[in-house]
Amino acid sequence: MTTVIILSIVISVALALSLSIASVVLHVEEDPRLQDIADLLPQQNCGLCGNPGCRAMAEAILAEDSKLTQCKPGDQAMRDEIKEYLETHPNEAGEYVKVKM
């Protein structure tokens, strides 16, 4: 009985260590502006823009694949706020997003 307990503890610790190492090795950096833009969107995740949710819409805006007017629940104030944000926050290479209205 004690060998089963010891074995399960050893296996648990080994799996915990491998998960910890994997989280460091497989970490993916993302654009820090992504969450800011997603927060500026209405968070209805309705899909009316053609994207599966507001976060995907934010990714499409940063990739210059979507227009701000595609967000149907969003109003002009939201679009202006996102446009202003993108005009003042370049990416890490210093390039600005060309905002499509």
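These are my notebook entries on helices, loops and surface patches in a predicted model.

**Ground rules.** I number residues from 1 along each chain as its sequence is written, and I use heavy atoms for side-chain values, leaving out hydrogens and water. Since the model is predicted, I accept local features at pLDDT of at least 70 and side-chain atom pairs at pLDDT 80 or more, while totals for chains, interfaces and linings use all residues.

**Helix α1 and the loop after it.** I looked up L17 and found it in helix α1, helices here being DSSP runs of H or I with at least four residues, numbered from the N terminus. L17 also belongs to a nonpolar surface patch with M1, I5, I9 and V13, and together they have about 540 Å² of accessible area, computed by the Shrake-Rupley method with a 1.4 Å probe and only the protein chains shown as cover. Patch members have over 30% relative accessible area and no salt bridge (a side-chain nitrogen of Lys or Arg within 4 Å of a carboxyl oxygen of Asp or Glu), and nonpolar side chains (Val, Leu, Ile, Met, Phe, Trp, Tyr) are joined within 5 Å. An α-helix has 3.6 residues a turn, so residues three or four places apart point the same way.

I then placed L26 in the loop between α1 (2-25) and α2 (33-40). L26 counts as exposed because its relative accessibility is 61%, with exposed meaning over 50%, buried under 20% and partly exposed in between. From L26 to T3 I noted 34 Å, C-alpha to C-alpha, for 23 residues of sequence separation.

**Helix α3 and two positive phi values.** In α3 (residues 54-62) I listed C54, M57, A58, A60, I61 and L62 as buried, and these buried residues pack against α2 and α4, contact being heavy atoms within 4.5 Å.

Which residue takes a positive phi just after α3? E64 does, at about 60 degrees, although it is not a glycine; E64 sits in the loop between α3 and α4 and, at 27% relative accessibility, counts as partly exposed. I found another non-glycine positive phi, near 45 degrees, at N45, which lies in the loop between α2 and α3 and is partly exposed at 46% relative accessibility.

**Helix α4.** I looked up E84 in α4 (residues 76-88) and recorded it as exposed because its relative accessibility is 54%. E84 forms a negative surface patch with D75, D80 and E81, like charges being joined within 9 Å and placed at CG of Asp or CD of Glu.

Conventions:
Lys and Arg count as positive and Asp and Glu as negative; His and the chain ends are not counted. Buried means under 20% relative accessible area, exposed over 50%, partly exposed in between (1.4 Å probe, protein chains only).
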